[in-house]
Amino acid sequence: MQTRPVVWTIAGSDSGGGAGIQADLLTFHDLGVHGCSAITANTAQNTLTVAAINPLPESALQSQLDALLSDLPPLAIKIGLLANTAQVHIVADFLRGLRAQGCQVPVVYDPVAVASSGASMTEGSTGAAVVSELLPLCDVLTPNRVELEWLASAEVDSAGDILIAAKKLAGANEIALAVTGGHFDIEPGTTADLLCVPGETGITSDWLIGRKIDTRDTHGTGCTYSSAVAAILAQGYPLKDACVVANAYVRRGLRLGNSSQIGEGPGPVGHCGWPNELQDFPEVLVAGSERAKHYATFDAAAAENYAAEFVQPDTTRLGLYPVVETVEWIEKLAREGVRTLQLRIKNPGDDLREQIERAVAIGRKFDLRLFINDYWQLAIECGAYGVHLGQEDLQAADLQAIQRAGLKLGISTHGFFEMLYAWQYRPSYLATGAIYATNTKDMSGQLQGPRKLARMATLLPDYPLVAIGGINVERAPDVAASGVGSIAVVTAITQAPDYQAAVTQLRAVIE
Ligand SMILES: Cc1ncc(COP(=O)(O)OP(=O)(O)O)c(N)n1
Ligand SMILES: Cc1ncsc1CCOP(=O)(O)O
Ligand SMILES: [Mg+2]
């Protein structure tokens with residue numbers, strides 16, 4: 001039995017059951033975490049109006065936080081409506097105390113200021129306290145258009161405005177921003193979220209473009225989104241993965257929620273389980289694509305290299321896929337009947353071209369699907385079957401040349417965000433890893449695990465997917481159960497006491 005992570009929401013109650021604490025707890029339950037709540041205000045609402053806010057007294061908020069901390073320590077915290085400056089002080093003091101005790105759990109703040117009906121939810125001076133006291137203690141901010149304008153003190157309309165305001169807030173407070181795009185109109189029929197994440201090399205910004213769902217029942221989408229981010233972070237997913245899955249969770253709720261009979265006004269967004277259909281997931285915008293022109297992120301140099309729709313392999317199930325560093329290994333494994341192989345030379349000598357030529361010749365002789373790692377120019381020149389590239393290689397490689405030469409292209413990914421990004425290239429296969437800890441390469445911080453792999457694999461059931469990292473004969477059945485059609489291994493074969501037996505056992509599982 002898996003234990004369920006504890007996640008808190010510090011937010012207001014919505015008597016109408018569509019937003020606030022009620023939406024947060026439904027989301028937590030749906031996404032597999034245990035939800036706890038500290039209520040800031042007892043709002044009197046229905047689907048038509050916010051009749052009253054009714055903030056709780058300071059002592060009532062404080063006692064909830066203290067009770068939770070003594071028995072139910074969180075793995076993530078979501079903060080929603082804070083009704084007044086006093087509540088901002090209490091929550092900020094509490095977070096400072098947590099941090100001082102060494103508790104570094106992610107804090108997601110959805111700065112609820114104005115209800116979708118237009119009603120103000122907070123006292124006038126709260127915004128200043130939020131910016132000066134609370135933002136520096138939070139990790140992720142999830143404003144919508146009105147909230148971004150509220151915190152940035154600027155009007156925000158175009159894609160360029162959103163980028164400037166979000167980057168400014170992210171930089172000033174060292175906080176990640178996930179600006180939700182439901183209220184912007186950048187491209188007809190779409191919504192666009194913007195992720196701005198501060199890192200060692202500056203702030204990265206990524207647009208997530210999704211299909212706009214035509215529904216009136218949007219009440220609670222902001223609360224649902226931010227609590228989904230917290231619930232997914234609590235399960236150890238990196239931030240960008242949490243944001244794309246939360247985005248898909250909300251879109252799934254908008255698509256499938258059936259709230260037309262609930263109240264006379266806009267009904268609540270649905271809560272419809274972990275998103276497992278690609279149609280609900282956003283497109284991660286690639287800077288070299290035509291579409292990037294709408295989003296103030298078009299990069300002409302990237303466009304020179306960008307290509308999509310690579311030649312597909314003869315099968316979606318590439319089977320056992322050994323990754324080896326010598327031509328000798330290629331030949332030995334070809335003789336064992338292995339069909340998919342990769343030559344991955346990390347310390348090349350002067351004879352690199354010769355090695356690749358020899359490998360390609362063996363590939364032809366045995367009719368192999370032979371991929372060359374990294375050296376895409378040599379792979380083209382030697383007429384290889386395909387190349388394998390990492391995410392960072394995608395910017396530097398001439399993908400149009402690879403495509404023109406008719407080579408297959410495999411791309412590495414490490415989680416949902418990178419998978420959706422790489423999907424924009426429609427490569428010949430997508431590889432995901434590391435599934436387990438491995439000594440072959442430093443993959444710390446990028447471990448996926450078989451459960452997450454299975455969730456990713458459900459999105460592309462008919463596409464060639466490869467799992468890599470720490471896979472051996474014992475673990476292979478769990479990996480195969482995820483639905484991927486291929487298992488890439490290094491040491492499970494090259495360091496096996498009996499490589500022929502290892503090949504036979506691994507092939508029996510995946511082929
Ligand atoms: C099948 C497969 N998946 C992932 C990788 C890793 O490629 P990359 O990210 O380019 O890292 P290096 O292998 O170059 O260290 C791979 N080689 N094969
Ligand atoms: C190259 C690579 N990319 C992700 S994990 C990995 C190493 C896989 O090696 P092993 O199968 O020995 O864990
Ligand atoms: Mg590489």
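Which loop holds Asp374? Asp374 sits in the loop between β13 (369–373) and α12 (376–381). That's a handy place to start looking around this model, which is a predicted one. Asp374 also has company: an unreviewed UniProt entry carries the annotation "binding site" for Asp374 and Asp393. The two span 20 residues in sequence, yet no two of their C-alpha atoms are more than 7.7 Å apart, so they gather at one spot.

Let's zoom out for a moment. The chain has 19 helices and 18 strands. Its radius of gyration comes to 25 Å, close to the 24 Å that the globule rule gives for 511 residues, so the chain is as compact as a globular protein of that length. If you want a bounding box, the C-alpha atoms fill roughly 75 × 50 × 45 Å along the principal axes.

Now for a span that comes from a record. For residues 325–493, UniProt (again an unreviewed entry) lists "domain: Thiamine phosphate synthase/TenI". Residues 325–493 are 39% helix and 19% strand, and the C-alpha atoms at the two ends of the span lie 12 Å apart.

On to the ligands. Ligand 1 has 17 residues around it, and those that come nearest are Gly390, Ser412, Ala431, Ile468 and Ala488. Which strands each give at least two residues to this shell? They are β14 (386–389), β15 (408–413), β16 (429–433) and β17 (465–468). Sorted by class, the shell around ligand 1 comes out as six nonpolar, seven polar and four charged residues.

Ligand 2 has 15 residues around it, with Thr438, Thr440, Gly469, Val490 and Thr491 coming nearest. Here the class count reads eight nonpolar, six polar and one charged.

Next, a couple of helix pairs. Take helix α10 (residues 327–335) and helix α11 (residues 352–366): their axes come within 9 Å and cross at roughly 10°. That angle is under 35 degrees, which makes α10 roughly parallel to α11. On the α10 side the contact uses Val327, Ile330, Glu331 and Ala334, which meet Gln355, Arg358, Ala359, Ile362 and Phe366 in α11. The α10–α11 contact breaks down into six nonpolar, one polar and two charged residues.

The other pair is helix α8 (residues 239–256) with helix α15 (residues 416–423), whose axes come within 7 Å and cross at roughly 70°. With a crossing like that, α8 is roughly perpendicular to α15. The residues that meet are Lys240, Asp241, Val244 and Val245 from α8 and Phe416, Phe417 and Leu420 from α15. In this α8–α15 contact there are five nonpolar residues, no polar ones and two charged.

Finally, two backbone details to check if you're inspecting torsions. Where does the chain have a cis peptide bond? It runs from Gly433 to Ala434, with omega near -10°. Ala434 belongs to the loop between β16 and α16 (449–457), and β16 is one of the strands that supply the shell around ligand 1. The other detail is Glu174, which has a positive phi of about 45° although it is not a glycine. You'll find Glu174 in the loop between α6 (159–173) and β7 (176–179).

Technical notes:
Residues numbered from 1 in each chain as written. Chains lettered and ligands numbered in written order. Predicted model: local features only at pLDDT ≥ 70, side-chain atom pairs only at ≥ 80, totals over all residues. Near = placed C-beta within 6 Å. Nonpolar A, V, L, I, M, F, W, Y, C, P; charged D, E, K, R; others polar. UniProt positions renumbered as here; feature names shortened; annotations may be inferred. Helix = DSSP H or I, 4+ residues; strand = E, 2+ residues; numbered from the N terminus. Axes fitted to C-alpha atoms, helices over the stretch in contact; angles between N-to-C directions. Parallel < 35°, antiparallel > 145°, perpendicular 65-115°, else oblique. Contact = placed C-beta atoms within 7 Å. Rg over C-alpha atoms; globule rule 2.2 N^0.38 Å.
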